[in-house]
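The following report describes the overall architecture of a two-chain model, moving from local confidence to whole-chain properties.

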Amino acid sequence: MRTWVPRETTTRFYLTVMLLLCLVPVATTWSGQGFYLDLATRILILAIAAVSLNLILGYGGMISLGHAAFVGIGAYSVGIFSYYEIHNGLVHLGGAVAGSVLFALVTGMVCLRTRGVYFIMITLAFAQMLYFVFVSLEEYGADDGLLIYQRSDFGALLDIENAVVLYYTALAVLAGCIGLVHRIVNARFGRVIVGIRHNEQRMRALGYDTYRYKLTCYVISGAMAGVSGFLLGNFTNFISPEMMDWTHSGELIFMIVLGGTGVLFAPVTGALAFLLLEESLSSITVYWHLIFGLILIAVVLFGRGGLHGILLRLLSRGKSGRC
Amino acid sequence: MKRDGLYFLTPVAAVCMAAMLIAVPATAETVRIGFVTTLTTSAGVIGEDMKNAVNLAVSHLGGKMAGKEIEVIFEDDGFKPEIGKQKAEKLVKKDDVDFVAGFIWSHVLLASSKTVLDSGKFLISSNAGPSQLAGKHCHENFFSTSWQNDQTPMAMGEVLNQEGVESLYVMAPNYAAGKDMVSGVESVFSGEIVGKDLTKWGKDRQLDFSAELAKAKASGADGLFVFYPGSAGGAFIKQYQQAGLKDVLPLYTVFTVDSISLPKFQSASMEGVLGSKSTMFWAPDLDNAANVRFVRDFREAHGSYPSFYAAQSYDTIMLINSALEQTGGNLDDRDALRSALKQADYDSVRGRYTYGNNHLPIQNFYLREVVVDADGNWTTGIVRPVLENHQDPYAGSCVM
Amino acid sequence: MDWHLLIAQLLNGLQLGLLLFLLASGLTLIFGIMDFINLSHGSFYMLGAFVCATLVEVTGSFLAAVVMAVIVVFLAGALVERFIARRIYRHDHLDHVLVTFGLILVFDTLAHLVWGSAGAAIALPGMLNGRVEVAGFVMPTYRIVIIFAGLAVAAGLSLLVTRSRLGMLIRAGASDRGMVTALGVNIDRLYLVVFAIGAAMAGLAGMLIAPITEASIGMGNEIIIVAFVVVIVGGIGSIRGAFYSAILIGFIDTLGRSYLDDLLGLFLSNQASETAAPALSAMMIYILMAGILAFRPRGLFPPAGANR
């Protein structure tokens, strides 16, 4: 028997997770384990990308297999400006957002004319094109990528060369993005988007210009992913076309499904579980991909609703007193 | 009641995070060496060869350097610069190694270099030799037991000139080392380069060279210069043979025909590769005591000849050992360690060599040929030395 | 212009196109009939190559090895269908992408465990290892073999689909799945057979290419994306579409690689064309796909009545 769990309860759980994330730098500084601060920073940055993908995928039903392209654009904005020794952080960030908005607008206008399988494949195709563009740009390292010798400069106020500052910056951006998605999906605009996912024909019949709604949503999502790319470039100090590879888009999708598709906070727990799993499995054996692949299959076959589903089951069991 | 579940989960999350933070004890009695190489994907075979050589070196040393226990931590870069960099980061920050070594691929090394060097650790390349680290971005804590990418093809350029080759067709994969190889042969070869193809590399690399080989044949060149490391080399040689180019377009290779691919060619009886020429700083039949021991013990343990990747990896451990012996096992005095490394005071399997200002070897290069050994195995044998005490062309732009 | 070179490149393009067709024909049927996105279709391509390499060593005969390996891959395909794919046909595309992505990881690692990372070379019998000369034009015999084998399989498949009862069901399934089920056809068995035939053909493609490039881990992941482009361009569920678009893409890819830098050289500096050409030739098939989808959103030859 499944009992209904009020949303506040799960929200409280996710807020606790976010609170715990606030404490990570304290713990790592105290124990001197800088490596885990890096791991946690990576988790946050990928969580931002996953949150952005969740907006179009989880709420809008647009399965994009090319989302890593936006992350790559954001990262390359940092890399290319630094290459010309322009270190102003606002310029980097502006470039990341402008670049990804432009790419989302242009590709979105073509992609969103298609649906279903065709949408999956055409987003993949555009990401591949961008991948090959950067592979051919000798000036920016082509296949070999580019080292970023200095992180974006935001003045003395926000020194992201400092690992802890970068961590909290990423955390703040993540919280901001979650807040933004929350606002969007609860506004009229978001309800239209969800409505389109359920039945686009009906929404059109109701007089909505569904194409424009979808395009706007796609662009917002792209911009957010661009920001996560901006952070990723700064974090790794290295960029390469590899970042845009379709397997990375696939990983973002997995994070969402692992957390629970269409759940506001799910990409965060998904990214957390994904990277911790990857980290611990890869330290056990070089054949870890086998276990990882099996887990992936098991999550889809048996773990309906991902971690969020498990959370709901746990909570409802506690509630009906059968635990 | 509804809180039960919640309060059950919160501590779980907390425990997970605490588990991450369990400190790794670093004892003063061990030398920690991180070794980044490729252990998965089709290039994993190179990484295994290197790993075997490292383990052989450790056992030759009795597991100890200057009285300290040797601990080698192998990491897999998955053939991707991004992953390699993450692994280097882990070695530096989590495992707190004293040396980060290995690196097959130039782009992986370049991506990882900043992380390692910024942390003050020593970075030792056991294969990759990108021009950047030899010249403009050279670093006091970077050393190499291999070569700079341009050198081996430069030796090949010399050979081509000596053999009177007038026109050349060039093929290489499109990545850092591929470009260095091409510029290396171009800088020395005095004839005309009639065509050049840089093919896609990386995860999605191109392995069917039919279009390029047809072009090369049509170009009417006197020779074909090729650089295809790892299993791509096997694919290339096979297609070269099937296209029947052996008598039309003689093959000159660098890092393409090695002890990893030769047994495979032999079992597929691809006689076309016999007699093909390549240049290298080392060969299994190079006659010095260290090399004889290395090759003999390696063959005993693994049944095949060591590749040059193995030779360089073996030397990496021996170089570190020589430095530690000199400092009496002191790992904290970085300056003493650095000047000890710089002397290269050990019996390398290539014979003695010295380090230039950029910490890349100044060494001999030989012309090698694929031959059949006394037991009927295919291997490479030295024909003649080509360059003596050769230094890479980028050393001048290194201010150090 | 060098005519010999052009003919050689056209034949190379045809060879690549036929290999792509072997991969894409199964993919397009699985796509069209079961509405299932199978990213791991390339794993059967890899499996075929490795199994064939092992069987060549055991039996000593290339032909026998190919025949047996096709059967092995057919069975492997049937197993994957029965125990994994069948459970998620009704799920959305998202789940298909994830499960088959997981399958890729599983197959690649299993190959690493079983065959090691060195890959496997396949020795060809001397007869196939030589060269043939037609009117002063020399070509490796084996590449001719690939072309004829590819054409033969394409012809056989076309007969199967247009003339047999199974083919009738396949065509019906591709254009209206619901109706076929309603007519009382054993849909489970149809799905199983289609999936396994698709896998076997992908495996055959792997076996044919392996004597040239060797069997290696992950070899299927490199070509599967291109096969998807073939399917989309040709129209999902259409064998005929898959055939024409595979040949088209084979030509574009091969000719792009050989002539694009000369072509660009007419407009750009030598240096610029040399660097732009490889990227542009790699991008061309995606540009083609985006272009075709912009004007014909269901590909070149959508199956009659297909509504998706």
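In this predicted model, pLDDT stays under 50 over residues 1-9 of chain B, a stretch for which the model nevertheless places 18 contacts beyond four places in sequence. A further stretch of chain B, residues 21-25, also has pLDDT under 50 throughout, and the model gives 10 contacts beyond four places in sequence for these residues. Taken over the whole of chain B, the mean pLDDT is 89, with 92% of the residues reaching 70 or more.

The secondary structure of chain B consists of 13 helices and 14 strands. Its radius of gyration is 22 Å, close to the 21 Å that the globule rule gives for 400 residues, so chain B is as compact as a globular protein of that length. For chain A, the assignment yields 13 helices and 2 strands. A compact globule of 323 residues would have a radius of gyration near 20 Å, and the 20 Å computed for chain A agrees with this.

The table sets out the overall extents along the principal axes, as given by the C-alpha atoms.

| Chain | Extent along the principal axes |
|---|---|
| Chain A | roughly 60 × 55 × 40 Å |
| Chain B | about 80 × 60 × 45 Å |

Burial and contact order can be read together for each chain. In chain B, buried residues make up 65% of the 400 residues, and among its contacts between residues at least 6 apart in sequence, 72% join residues at least 24 apart. In chain A, 62% of the 323 residues are buried, while residues 24 or more positions apart account for 77% of the contacts with a separation of 6 or more.

The surfaces and charges complete the description. Chain B exposes about 12,900 Å², of which carbon and sulfur atoms supply 50%, whereas chain A exposes about 12,200 Å², with carbon and sulfur atoms supplying 64%.

How far apart do the mean positions of the positive and negative charges of chain B lie? For the 36 positive and 47 negative charges of chain B, these mean positions are 7 Å apart. Chain A carries 20 positive and 17 negative side chains, and the centres of these two sets lie 26 Å apart.

Conventions: Residues numbered from 1 in each chain as written. Chains lettered and ligands numbered in written order. Heavy atoms only, no water. pLDDT = per-residue confidence, 0-100. Contact = heavy atoms within 4.5 Å. Helix = DSSP H or I, 4+ residues; strand = E, 2+ residues; numbered from the N terminus. Rg over C-alpha atoms; globule rule 2.2 N^0.38 Å. Buried < 20%, exposed > 50% of the residue type's maximum accessible area, 1.4 Å probe, protein only. Areas by Shrake-Rupley, 256 points an atom, 1.4 Å probe, with all protein chains shown as cover. Lys, Arg positive; Asp, Glu negative; His and termini not counted. Charge placed at Lys NZ, Arg CZ, Asp CG, Glu CD.
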